[in-house]
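Let's take a walk through this model together, starting with one residue and working outwards. Keep the structure open beside you as you read.

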Amino acid sequence: MSAVGRRARAAVAAWDRFWFEPQSVSTLAVVRIAFAFIVVCWTASIGHDLFAFYSDAGVLPEQPDPGRLIGSGAWGPLGTFTSDGALLLTYFALFVGALFLLVGLKTRVAAVVVFVGLVALTRRN
């Protein structure tokens with residue numbers, strides 16, 4: 001076997017080891033739990049002033065145009081669905097999704113719900 005062949009096989013073995021060798025996921029679990037805890041605390045903290053900050057009768061009566069502020073492609077679900085019901089649904093979905101993320105139930109779906117909820121609330125104001 002030539003030197004180039006040995007190097008190629010060593011590179012392939014290193015690639016396989018890096019991407020496919022089993023690793024501990026405990027660090028990722030701790031990061032997930034810490035992030036979910038912060039989101040739960042933040043969501044609980046804004047609950048008291050939810051309508052004052054995010055409703056049509058609040059500080060900003062409508063969502064600012066995110067395309068003008070951030071650039072094209074920006075969006076916000078609460079800019080489209082402006083009712084108080086949509087606001088409450090977003091709030092409770094964010095809270096429940098963060099709780100699910102915290103305890104590890106349906107984490108992929110919970111992560112998407114938390115992402116959409118955070119984007120909706122942060123883009124609203």
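A residue counts as exposed here when its relative accessible area is over 50%, as buried when that value is under 20%, and as partly exposed in between. With that cut-off in hand, look at Ile38: its relative accessibility is 55%, so Ile38 counts as exposed. Bear in mind that you're looking at a predicted model.

Where does Ile38 lie? You'll find it in helix α2. This helix covers residues 26–46, which makes 21 residues, and spans 30 Å from its first C-alpha to its last. That is close to the 30 Å expected at 1.5 Å a residue.

Ile38 has company on its side of the helix. The face of α2 turned away from the buried side carries the exposed residues Thr27, Val30, Val31 and Ile38. Turn the helix around and you meet its buried residues, namely Ala36, Val39, Val40, Thr43 and Ile46. Looking down the axis of α2, you'd see these buried residues fall within an arc of 135 degrees, so they line one face of the helix. And what do the buried residues of α2 pack against? Their partners are α3 (50–54), α6 (84–103) and α7 (107–124).

Back to Ile38 for a moment, since there's a link across the chain to point out. Its C-alpha is separated by 8.9 Å from that of Ala98, although the two residues are 60 apart along the chain.

Now for a spot on the surface. Val96, Leu99, Phe100, Val103 and Leu105 form a nonpolar patch there, and together they have about 410 Å² of accessible area. Leu105, one of the patch residues, sits in the loop between α6 and α7. Is Leu105 buried, exposed or partly exposed? Its relative accessible area is 45%, so Leu105 goes down as partly exposed.

Time to zoom out. How many helices and strands are there in the protein? The count is seven helices and zero strands, so reading from the N terminus the elements simply go α-α-α-α-α-α-α. Of the 125 residues, 22% count as buried. The accessible surface of the whole protein comes to about 8700 Å², with 69% of it belonging to carbon and sulfur atoms. As for contacts, take those with a separation of 6 or more: residues 24 or more positions apart account for 71% of them.

Note on methods
Residues numbered from 1 in each chain as written. Predicted model: local features only at pLDDT ≥ 70, side-chain atom pairs only at ≥ 80, totals over all residues. Heavy atoms only, no water. Helix = DSSP H or I, 4+ residues; strand = E, 2+ residues; numbered from the N terminus. Expected span 1.5 Å × (residues − 1). Buried < 20%, exposed > 50% of the residue type's maximum accessible area, 1.4 Å probe, protein only. Arc of directions from axis to C-beta. Contact = heavy atoms within 4.5 Å. Patch = residues over 30% accessible without salt bridge, like charges linked within 9 Å, V, L, I, M, F, W, Y side chains within 5 Å. Areas by Shrake-Rupley, 256 points an atom, 1.4 Å probe, with all protein chains shown as cover. Salt bridge = Lys/Arg side-chain N within 4 Å of Asp/Glu carboxyl O.
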